[in-house]
Amino acid sequence: APVTIHLTGFGPFGGVQDNPTSVVCRVLRDLIRDGKAPQGVSPELLHEFADSGVAVRGLDALEVSASACRAGVRAILADFVDGSSESDARAIVHLGVSSMSQQVNL
């Protein structure tokens with residue numbers, strides 16, 4: 001694939017038991033690995049995604065702890081180095097949630 005994105009979310013923390021970032025990863029994993037279309041997403045958008053040439057990897061929820069995140073990031077980086085060539089475009093995206101935020105932040 002011309003572009004590979006490694007996407008992770010996070011598990012429960014504080015008062016957030018069903019972390020929305022892990023839900024996003026689960027829905028995308030169901031789509032990519034099992035072909036299960038998410039509810040409310042148009043078939044046109046799903047076809048556009050399928051034809052985009054973007055490979056999405058990971059889709060796991062990391063434990064919310066510094067040691068677990070360090071180990072997870074090391075594994076992601078090793079996978080990226082082993083599984084791609086110099087000409088591949090790569091990105092690592094960690095999704096997070098803040099109970100203090102009212103909108104999506106990048």
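**Exercise 1. A helix residue**

Ser22 sits in helix H1; helices (H or I, at least four residues) and strands (E, at least two) are DSSP runs, numbered from the N terminus. Work out whether Ser22 is buried or exposed, and find which residues it touches beyond four places in sequence.

*Solution.* A word on the model before we start. This is a predicted model, in which local features need pLDDT of at least 70 and side-chain atom pairs count only at pLDDT 80 or more, while totals for chains, interfaces and linings use all residues. Residues are numbered from 1 along each chain as its sequence is written, and side-chain values use heavy atoms, with hydrogens and water left out.

Step 1: take the cut-offs. Buried means under 20% relative accessible area, exposed over 50%, and partly exposed in between (1.4 Å probe, protein chains only).

Step 2: apply them. Ser22 has a relative accessible area of 14%, so it is buried.

Step 3: look for partners, with contact meaning heavy atoms within 4.5 Å. Not counting residues up to four places away in sequence, Ser22 touches Phe10 and Ala61.

**Exercise 2. The order of elements**

Write down the pattern that the chain follows along its sequence, then describe the chain as a whole.

*Solution.* Step 1: count the elements. There are three helices and three strands.

Step 2: put them in order. The pattern reads β-α-α-β-α-β.

Step 3: add the overall figures. The C-alpha trace spans about 40 × 35 × 25 Å along its principal axes. Of the 106 residues, 21% count as buried. The accessible surface (Shrake-Rupley method, 1.4 Å probe) comes to about 7,200 Å², and 57% of that belongs to carbon and sulfur atoms.

Step 4: check the reach of the contacts. Among those between residues at least 6 apart in sequence, 71% join residues at least 24 apart.

**Exercise 3. Strand S1 and its partners**

Find how many bridges join S1 to strand S2 and to strand S3, and then place Leu7 and Thr4 in this picture.

*Solution.* Step 1: recall that two strands pair if DSSP finds at least two bridges between them.

Step 2: take S2 (residues 54–62). Eight bridges join it to S1, and the two run parallel; Gly9, for instance, has Ala61 as its bridge partner in S2.

Step 3: take S3 (residues 89–94). Six bridges join this strand to S1, again in parallel, and Val3 is partnered by Ala89 in S3.

Step 4: ask how covered S1 is. Six of its eight residues are buried, which makes the strand mostly covered.

Step 5: turn to Leu7, which belongs to S1 (residues 3–10). Its relative accessible area is 9%, so Leu7 is buried. Leaving aside neighbours within four places in sequence, its contacts include Cys25, Leu28, Leu59, Val93 and Leu95. Leu7 and Val93 are 86 residues apart along the chain, yet their C-alpha atoms are separated by 4.9 Å.

Step 6: compare with Thr4, also a residue of S1. Thr4 is buried, at a relative accessible area of 9%. With the same neighbours left aside, its contacts are Ala55, Arg57, Phe80, Ala89, Arg90 and Ala91.

**Exercise 4. Two residues of S2**

Say what stands out about the phi of Leu59, and decide how exposed Val54 is.

*Solution.* Step 1: Leu59 is in strand S2, and at 1% relative accessibility it counts as buried.

Step 2: look at the backbone. Leu59 has a positive phi of about 60° although it is not a glycine. Most residues other than glycine have a negative phi.

Step 3: Val54 is in S2 too. Its relative accessible area is 29%, so Val54 is partly exposed.

Step 4: list its contacts. Outside its neighbours within four places in sequence, Val54 is in contact with Val3 and Ile5. The C-alpha atoms of Val54 and Arg26, 28 residues apart along the chain, are separated by 18 Å.

**Exercise 5. The largest pocket**

Characterise the lining of the largest pocket: which residues lie nearest its centre, and which element gives the largest share?

*Solution.* Step 1: fix the terms. On a 1 Å grid over the protein atoms alone, a pocket is an open set of points where a 1.4 Å probe fits, with protein on both sides within 12 Å along at least five of seven lines; lining residues have an atom within 4 Å of a point. Points are joined across faces, edges and corners, and the volume is the space filled by probe spheres set on them.

Step 2: the volume is about 330 Å³.

Step 3: of 14 lining residues, Gly96, Val97, Gln103, Val104 and Asn105 lie nearest the centre. Helix H1 (residues 20–34) gives the largest share, three residues.

Step 4: sort by type, with Ala, Val, Leu, Ile, Met, Phe, Trp, Tyr, Cys and Pro as nonpolar, Asp, Glu, Lys and Arg as charged, and the others, Gly among them, as polar. The lining has six nonpolar, eight polar and no charged residues.
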